[in-house]
Amino acid sequence: MRLVANKTNIAMGLIILLSGLTSYAQESHIGNLVGNAKHGKALYQRYCIFCHGPEGDGNGQSAPYLDPKPRDFTKATFKCRSTPSGSLPLDSDLYDTITRGVHASGMPSWRPLLRQERADLVAYIKTFSPRFHEEKPDPPIQIPPEPSTSPESVKRGGQIFQSMNCALCHGKEGRGNGPSAATLTDTRGYPIRPFDLTSGTSSKCGNSDEGFFRDLSTGLDGTPMPSFASALKPDQIWDLVHYIATLPAAAKLADSR
Amino acid sequence: MGTGSIKRASAWLLLIVAFVSSRPAFAIPAFARKYGLPCSACHATWPLLNNFGQTFKDNGYQLGNGRDAPIYQQPDYWPITFRVLPQWHRESNDRAAVDKIAGNASAGQVETSVATSGFDTSSIDILTGGTLANNISFLVQPFINNGSSSISQAWLRLDNLARSRWLNLKLGKFELDEPISQERTLLSSNTGGTYYNYFFTPPGDSNFAGLGANQLGVEVSGHSENDYTRYSVALLGSFPTQTYNAYANVTQSFELPKLGLQRFGAYGYLGEAPTYFQTSGGAPIPGAGLGNRSFYRAGAYGIWYAGKFDFDTFFLHGQDNVFLGNSIPANQPSALPLGAVGPAWNGGFIEAHYTYNPRFVVIGKYELIRMSRQANPGIRNNLGNLDTWAVGYRWYPIMNTRAGLAWVQEYSRIINAGAAPLSGRDDIGSSLLMGFDFDF
């Protein structure tokens, strides 16, 4: 009887130990919010499963009809991050994406959900990939203060737009219709369109100039959009941001002629 | 415990598990088809909206993700939904006036209990709505009831005017921005499916100012990004009445840790109604009302969440002008009874939901109305007082991308104080309903 009791104790101890080891991935930490994966699961089933699928692999029932395709959480590859290309995102990155939505995709803003609910969803989304157990996200990129825009800055940005071959995908006027646009695919092999920089509504991952700076610096993992963090200096990235900011008005002017 | 008992218990367990299975609920066909979202994204339980659904509605049926314009709809998408509730129901009235001898009206009447039952269908609602273009939304909702048809709602809305979500303009026939939506009630029975406070008219009163009725007019509304702050102001007046009423509703929400979203607000409905009409050959000329007199309804409400429970609480104070309250033309003041005053009353309800998951919800409601001042001394103090309660549940066994289906069971009871037609005792009625509420 004592032997049985000891085995039971050992088993219980192992269970507690294992649950302790996995607890990091079962939680999310956004500011003073602590997300709970168990609560997040119920929310995921209510709000997310139809697109992202029960296994989080982006194969929900609506997925065949969506363009671009829903994110595959099992790969832990996320477009909108503050961390360098290839790194896991911060919990706050996932939280921000859920809150903001992803423009020009099927992903709406879930801001109407409670902050705690969004944090719970982050915790649950992290359970789909072992990477969140095994790795830690790199430190976020630094965004230096934005210099004021000027005709010179815009001109330099235009030159960078050309030299970095941005027009190949985004087109000369930034309409997302460059010569390579039709051939682009994401890492899952699905066709993907370059962002229409003339839409003037927002960038893929945020509405501000800082959002554009971040996207250019981190790249959009899982898509052909690379990081320019090593190819360009921060001042040059700001020049590019200032140039991109002029594209909606330029396109409007061109359309009116 | 014998083998048979274990089998029976297992069968029950399986049934219960199937009943409250936490699989996600999918549906609301009209918009789910367009956006690929489950019905549970917008509905706490269909048709009750959650905050995400309320935000979607307040945004003009737009998600704001750059995919709202009709150009992004799949070619086979057709934004039409119909909803109907085939059912069996039983209605009873404990104190109906019945001829002592059937077929002989002169033999006098007695009060007795009358119950009727049978299979039936609800009216058929047909909804088509969505966006005509970015920031132009619409809804058309015809319904068919007992062979006749009508338009329940038909409106067009200009959204985000001046690029601000605080300025939206709706024109047409629409549901008022009610504190708790009559259109989206989870209760369906004859007795339980109505918020009586929305439609109440005091004894002897000629004024029908239904907060719950869809009305013609123009509405200006706005909301914050997360919909925690909302407002709406409507100018109402259906052709050819030539009277205009105003309705306003303001809502504020806040988060309580571990409990959820808490919403509270205040509303008011202020207007006037004619007390008599110009006539032609003695018959009133429609729209040619005269002697307008005022009325108002005002109150406050809250929607309180506590985990899987939520409580809708509603309070109303109403008052009508003395001429409306006594159904006397304003040009005949001498016809007013001695001591006549404008009737006043208070009312309210509390409705509780236990949402186990989007597929299963238990509902309970208690509602009351109390006259605080009768229109004249000849009316008994308690006449018009009303108590009603309802309990029920809705189970959504099948929901997919094209349809929603709920099994509904409900019992409700109403007590109209002093309204028994012969004895003046309390008049008591009840409804029992079960059926399938489905939309496609």
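Which domains does the domain assignment of chain A give? The assignment, which is automatic or taken from a database, gives domain 1 (24-134) and domain 2 (151-256). This is a predicted model, in which local features need pLDDT of at least 70 and side-chain atom pairs count only at pLDDT 80 or more, while totals for chains, interfaces and linings use all residues. Residues are numbered from 1 along each chain as its sequence is written, and chains are lettered from A and ligands numbered from 1 in the order in which they are written.

The C-alpha centres of the two domains of chain A lie 25 Å apart. Their contact (C-beta atoms, placed from the backbone, within 7 Å) takes 17 residues from domain 1 and 19 residues from domain 2.

Helices α7 (residues 151-163) and α10 (residues 234-256) of chain A have axes that come within 7 Å and cross at roughly 95°. Helices here are DSSP runs (H or I, at least four residues), and strands are E runs of at least two, numbered from the N terminus. Axes are lines fitted to C-alpha atoms over the stretch in contact, with angles from 0 to 180 degrees between N-to-C directions. The two helices, α7(A) and α10(A), are therefore roughly perpendicular, a term covering 65 to 115 degrees. Among the residues making the contact are F161(A) of α7(A) and Y243(A) of α10(A).

Between chains, the contact takes 27 residues from chain B and 27 residues from chain A. On the chain B side, α4(B) gives the most, with 3 residues.

The table divides residues by class: Ala, Val, Leu, Ile, Met, Phe, Trp, Tyr, Cys and Pro are nonpolar, Asp, Glu, Lys and Arg charged, and the others, Gly among them, polar.

| Contact residues | Nonpolar | Polar | Charged |
|---|---|---|---|
| α7(A) with α10(A) | 5 residues | 6 residues | 2 residues |
| Domain 1 of chain A, side touching domain 2 of chain A | 6 residues | 6 residues | 5 residues |
| Chain B, side touching chain A | 11 residues | 12 residues | 4 residues |

Terms used
Parallel < 35°, antiparallel > 145°, perpendicular 65-115°, else oblique. Contact = placed C-beta atoms within 7 Å.
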